[in-house]
Amino acid sequence: MKITDVRLRAVKNENELKLKAYADVTFDECFVIHGLKIIDGQKGMFVAMPSRKMPDGEYKDIAHPITPELRKEITDSVIAKYNEMDFSEEVAEEPKAE
């Protein structure tokens, strides 16, 4: 399975200093995962998988790679695209909770 497209939406919200952008990743031009987050953490940039808040307040990933190799490939592709991004492009608002 190969990543065939990465689309980003920058977040320019003063309340979200660590959240830098949302990403959508397409695999083999036929499967997409929406809602990955690029976060500037204490140890540098990382990609958080889409998650949902559970009734107990804990967040659980709703889609995630099984192997460390695929996680690294997704992270590397998304961060590389972010580093190429023109920040005058589209700006995303935080999605509304379901």
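A residue is called buried when its relative accessible area is under 20%. In this predicted model, Thr26 has a relative accessible area of 17%, so Thr26 counts as buried. Thr26 is found in strand β2, which spans residues 19-27. Leaving out residues up to four places away in sequence, Thr26 touches Lys2, Ile3, Thr4, Asp5, Phe31 and Val32. This residue is a handy starting point for a walk through the strands.

Strand β2 pairs with strand β3, which covers residues 31-41. The two strands run antiparallel and are joined by seven bridges. Within this pairing, Val25 stands opposite Ile33 in β3. β2 and β3 form a hairpin with three residues between them. Two residues in this loop deserve a pause. Asp28 lies between β2 and β3 and has a phi near 50°, a positive value in a residue other than glycine. Glu29 lies in the loop between β2 and β3 as well, and its phi is positive too, at about 55°, although Glu29 is not a glycine. As for accessibility, Asp28 is partly exposed, with a relative accessible area of 40%, whereas Glu29 is exposed, with a value of 69%.

The chain then continues from β3 to strand β4, made of residues 44-48. A hairpin joins β3 to β4 through two residues. These strands pair in the antiparallel sense over five bridges, and Ile38 stands opposite Val47 in β4.

Ile38 also appears in the nonpolar interior. The largest nonpolar core has 18 residues, and those with the most contacts inside it are Leu8, Leu36, Ile38, Ile74 and Val78. β1, β2, β3 and α1 each supply at least two residues of this core. Leu8 offers a good view of how parts of the chain meet. Apart from neighbours within four places in sequence, Leu8 is in contact with Tyr22, Ala23, Ile38, Val78, Lys81, Tyr82 and Met85.

Charged side chains add another layer to the picture. Side chains of opposite charge can pair when their charged atoms come close. The count comes to four salt bridges in the model, and three of them are described here. In one of them, the side chains of Asp5 and Arg7 meet with an N to O distance of 2.6 Å. Asp5, which is also among the residues that Thr26 touches, counts as partly exposed at 25% relative accessibility. Its partner Arg7 is exposed, with a relative accessible area of 55%.

Another salt bridge links the side chains of Asp24 and Arg9, at 2.8 Å from N to O. Asp24 lies in strand β2 and Arg9 in strand β1 (residues 3-11), so the pair ties together parts that are 15 residues apart in sequence. Asp24 is buried, with a relative accessible area of 11%, while Arg9 counts as partly exposed at 21% relative accessibility. The value for Arg9 is not under 20%, which means that Arg9 does not qualify as buried.

A further salt bridge sits in helix α1, which runs over residues 68-84. Here Asp76 pairs with Lys72, and the closest N and O atoms are 2.6 Å apart. The two residues are four places apart in the helix, which means that about one helical turn separates them. Asp76 counts as partly exposed, at 40% relative accessibility.

Terms used
Residues are numbered from 1 along each chain as its sequence is written. This is a predicted model: local features need pLDDT of at least 70, side-chain atom pairs count only at pLDDT 80 or more; totals for chains, interfaces and linings use all residues. Side-chain values use heavy atoms; hydrogens and water are left out. Buried means under 20% relative accessible area, exposed over 50%, partly exposed in between (1.4 Å probe, protein chains only). Contact means heavy atoms within 4.5 Å. Two strands pair if DSSP finds at least two bridges between them. A nonpolar core is a set of buried Ala, Val, Leu, Ile, Met, Phe, Trp, Tyr and Cys residues joined through side-chain atoms within 4.5 Å.
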